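Let's take a look at how some helices sit together in a protein. Here is the structure to follow along with.

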Amino acid sequence: MQQKEFRAKGGRQSIKDLAQKAREHVKQNRFDEAVETYEKILKENPEAFAAYMGIGNVHLRCGRLDEAENYFKGALHVTKIVTPALAMLASVAYKKGDADKALKLYQEALDADPKFLKASLGLGKLLFQTGRYEESKKTVAGALKYNPDAAEAVILLSRILQKMGQTNDSEEILNQLLERDPKSWSAYYQKARMHLEEQRFEEAIEAANKCLLLNPEDIRSLICLSQAFIGDGQYAKAIDVLKGVIGKNADMWNAKMLLAKAYFLNDDLDDAISLLSRMVNGRRSLGAIHFMLGDIFAAKQLFTHALAEYEAGVLHSEKLVEEFPRLKELSDNQMETQQKVEEFARVLADIRERRDIYGVQPATH
């Protein structure tokens, strides 16, 4: 069938040309122009499925969830191929915090087309994030049955297997992926992340470096590399990496906390204090910042300063205090300053055995 054409600003254009133009606008993050171009298509053809999906995706990327939902629902009304729209509606539901609705929509999408990879991955990730590992594994294995070369599915399956304690199988499927595609930087990143979580720091460093050879600007891999350097006691190298990350991403809180931690562990205490003192003004995760400052002042034997920071950390860590009420009890306790600081340090060290109270977790997807 001949492509339908119509008169548009700037000359005669086909719907196909306009669709290509809209996609280019999206690639260049020119979202208003993309929406305007898609709307031209809808004006000519109110049943243009791709235009509904295109506008919905723009709204989703911009965080306009209600508008995105409306356009994806519109897409459902103009096509018999419902799976893509259902999958996108599931994504909107998840971003709105309705995990049950997202699960239902992903399942409807897969019921309509079991081979649709995006729906399988969406459902698998959501099941994984909610701790339903066996169901997640089954879903992703099903995706690989129809899409055996889907790297994203292999990497997700590796994460699931690792979480289930099947570390050898997790690493094996990554090695198989790398045999097929030696340039899969995301597979190397997953290996680095896995080794980091298992405290196999030298292997994590090796995998992160291989990832960065293929994708030098990958922030997650740089963060992972710095965490592995810290775990391996190579604090100066971690500091160099993190300074580079922050130089290009000045507002990256996670990198700043890691840098402060590396300074602290490297006995660059004044540098750590200077950095953390600036971060306090940002008003983010103040509990973690104050706790680290408390540790640093304790190390400098400035016990009055340390106690003030520890008590400030308690005030700004409501959820942590609910889980570990000993912190509040200690804060309210009357005892000599140095003794109280030493007790805070002991309690916090015990808590750190179970979780990272500095708020610095291994880099994730």
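Two residues are in contact here when heavy atoms lie within 4.5 Å. Keep in mind that this is a predicted model.

## Helix H3 and its cover

With that in hand, start at helix H3, which runs over residues 49–61 and has 13 residues. From first C-alpha to last, H3 reaches 18 Å, close to the 18 Å expected at 1.5 Å a residue.

Which residues of H3 are buried? They are Ala 51, Tyr 52, Met 53, Gly 54, Ile 55, Gly 56, Val 58, His 59 and Leu 60. What covers them includes helices H1 (15–27), H2 (31–44), H4 (65–76) and H5 (83–95). After H3 comes Gly 63, with a positive phi near 80°.

## H15 against H16

Now hop over to H15 (residues 253–265) and H16 (residues 269–280), whose axes are 7 Å apart and make an angle of about 155°. Because angles over 145 degrees count that way, H15 is roughly antiparallel to H16. The crossing is left-handed.

On the H15 side, the contact includes Trp 253, Met 257 and Phe 264, and on the H16 side Leu 269, Leu 275 and Met 279 are among the residues involved. The contact residues split into 11 nonpolar, no polar and two charged.

## H18 against H21

How do H18 (residues 303–315) and H21 (residues 337–352) pack? Their angle is about 45°, with the axes 9 Å apart, which means H18 is oblique to H21. H18 passes H21 in a left-handed crossing.

Among the residues that meet are Phe 303, Leu 307 and Tyr 310 in H18, and Val 341, Phe 344 and Leu 348 in H21. This contact divides into nine nonpolar, three polar and two charged residues.

Conventions: Residues are numbered from 1 along each chain as its sequence is written. This is a predicted model: local features need pLDDT of at least 70, side-chain atom pairs count only at pLDDT 80 or more; totals for chains, interfaces and linings use all residues. Side-chain values use heavy atoms; hydrogens and water are left out. Helices (H or I, at least four residues) and strands (E, at least two) are DSSP runs, numbered from the N terminus. The expected span of a helix is 1.5 Å times one less than its number of residues. Buried means under 20% relative accessible area, exposed over 50%, partly exposed in between (1.4 Å probe, protein chains only). Axes are lines fitted to C-alpha atoms, for helices over the stretch in contact, and angles run from 0 to 180 degrees between N-to-C directions. Angles under 35 degrees count as roughly parallel, over 145 as roughly antiparallel, 65 to 115 as roughly perpendicular and the rest as oblique. A crossing is left-handed if the near helix is turned anticlockwise from the far one by less than a right angle, and right-handed if clockwise. Ala, Val, Leu, Ile, Met, Phe, Trp, Tyr, Cys and Pro count as nonpolar, Asp, Glu, Lys and Arg as charged, and the others, Gly among them, as polar.
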